[in-house]
Amino acid sequence: MKILLLSGQSGKYMGGHYRSMLTTAKYLNINGVNAYVALSIDLKKNNYYDIKNIFPYEKKIMWFKKSIFLPNIISHFIYLKPIIKKLNIDIIHSFDLDGHIIAYLTRLTAFKTLPICVTICGGTIKYKYPFSYPIIVYSIELKDILVDRFNYDESKIFVEKARMD
């Protein structure tokens with residue numbers, strides 16, 4: 001099985017989404033699952049040693065450039081299609097709202113049967129976003145918000161309390 005973990009952001013600095021994504025990918029690889037990550041080249045310039053420290057599988061990092069002409073979501077979407085084909089990816093796992101939208105568009109337009117898993121790291125959720133199932137959250141409170149306020153299927157939301165090492 002091959003999983004591609006992604007964030008739709010193209011920031012220059014490490015944040016919680018990136019750290020959670022890299023930590024998850026690291027432990028998937030340790031446990032025998034072939035996990036790749038898609039990261040912004042801007043992130044590499046400023047945080048290479050942090051990235052390498054968290055995720056030591058350098059050949060499993062797919063670096064992409066931010067387009068100066070297209071919005072991030074469209075740019076990342078265009079970038080992912082050939083990566084998914086080349087690596088023969090079985091599952092996309094997204095870690096932020098932009099990543100969820102990119103994964104959903106990718107499945108909707110190019111890979112109709114490609115499963116998507118999403119992680120919602122936290123924060124304030126104001127609207128019912130286009131999340132795909134299964135959903136992984138880091139707290140029972142966040143699961144309760146998704147179920148009570150937005151009527152998500154409780155049986156497809158999983159609480160993972162081990163967010164970091």
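1. A word on the labels before anything else: helices (H or I, at least four residues) and strands (E, at least two) are DSSP runs, numbered from the N terminus. Please also keep in mind that you are looking at a predicted model.

2. Let's start with Asn 88, which sits in the loop between H3 and strand E4 (91-94). This residue is not a glycine, yet its phi is positive, at about 55°. Asn 88 has a relative accessible area of 53%, and the cut-off for exposed is over 50%, so Asn 88 counts as exposed.

3. Another asparagine goes with this one. Asn 151 belongs to the loop between H5 and strand E7 (157-159), and its phi, near 60°, is again positive in a residue other than glycine. Its relative accessibility is 60%, so Asn 151 is classed as exposed. If you check backbone torsions, these are two residues to look up: Asn 88 and Asn 151.

4. The loop between H5 and E7 also holds Lys 156. With 38% relative accessibility, Lys 156 is partly exposed. What does Lys 156 touch, leaving aside residues up to four places away in sequence? The list is Tyr 133, Pro 134 and Ile 135. For Tyr 133, the C-alpha atom is separated from that of Lys 156 by 6.2 Å, with their positions 23 residues apart along the chain.

5. On to the interior. The largest nonpolar core has 30 residues, and the members touching the most others are Leu 4, Ile 84, Ile 135 and Leu 146. At least two residues of this core come from each of strand E1 (2-6), strand E2 (34-40), strand E3 (61-64), helix H3 (72-87), helix H4 (97-109), strand E5 (116-120), strand E6 (135-137) and helix H5 (140-148). H3 makes the biggest contribution, six residues. A further core, of 18 residues, lies apart from this one, and Leu 5, Leu 22, Leu 39 and Ile 61 are among its members.

6. Leu 4 deserves its own look. Not counting residues up to four places away in sequence, Leu 4 touches Tyr 36, Val 37 and Ala 38, then Leu 80, Ile 83 and Ile 84, and finally Ile 89, Ile 91, Ile 92 and His 93.

7. His 93 turns up again beside Thr 119, a residue of strand E5. The side chains of Thr 119 and His 93 are joined by a polar contact of 2.6 Å. Is Thr 119 buried or exposed? Its relative accessible area is 2%, so Thr 119 is buried. Beyond four places in sequence, its neighbours in contact are His 93, Ser 94, Phe 95, Asp 96, His 100, Ile 136 and Tyr 138.

8. Ile 101, in helix H4, is partly exposed at 25% relative accessible area. Its C-alpha atom and that of Ser 132 are 9.5 Å apart, while the two residues are 31 apart along the chain.

9. Last, a helix pair. Helix H1 (residues 16-30) packs with helix H2 (residues 41-54) at an angle of about 40°, and their axes are 11 Å apart. Roughly parallel would need an angle under 35 degrees, so H1 and H2 count as oblique to each other. Their crossing is right-handed. H1 brings Tyr 18, Arg 19, Leu 22, Thr 23 and Lys 26 to the contact, and H2 brings Leu 43, Asp 50, Ile 51 and Ile 54. Leu 22 is also one of the members of the 18-residue core.

Note on methods: Residues numbered from 1 in each chain as written. Predicted model: local features only at pLDDT ≥ 70, side-chain atom pairs only at ≥ 80, totals over all residues. Heavy atoms only, no water. Core = buried A, V, L, I, M, F, W, Y, C linked by side-chain atoms within 4.5 Å. Buried < 20%, exposed > 50% of the residue type's maximum accessible area, 1.4 Å probe, protein only. Contact = heavy atoms within 4.5 Å. Polar contact = N/O pair within 3.5 Å; in protein donor to acceptor, adjacent residues only side chain to side chain. Axes fitted to C-alpha atoms, helices over the stretch in contact; angles between N-to-C directions. Parallel < 35°, antiparallel > 145°, perpendicular 65-115°, else oblique. Left-handed = near helix turned anticlockwise from the far one by under 90°.
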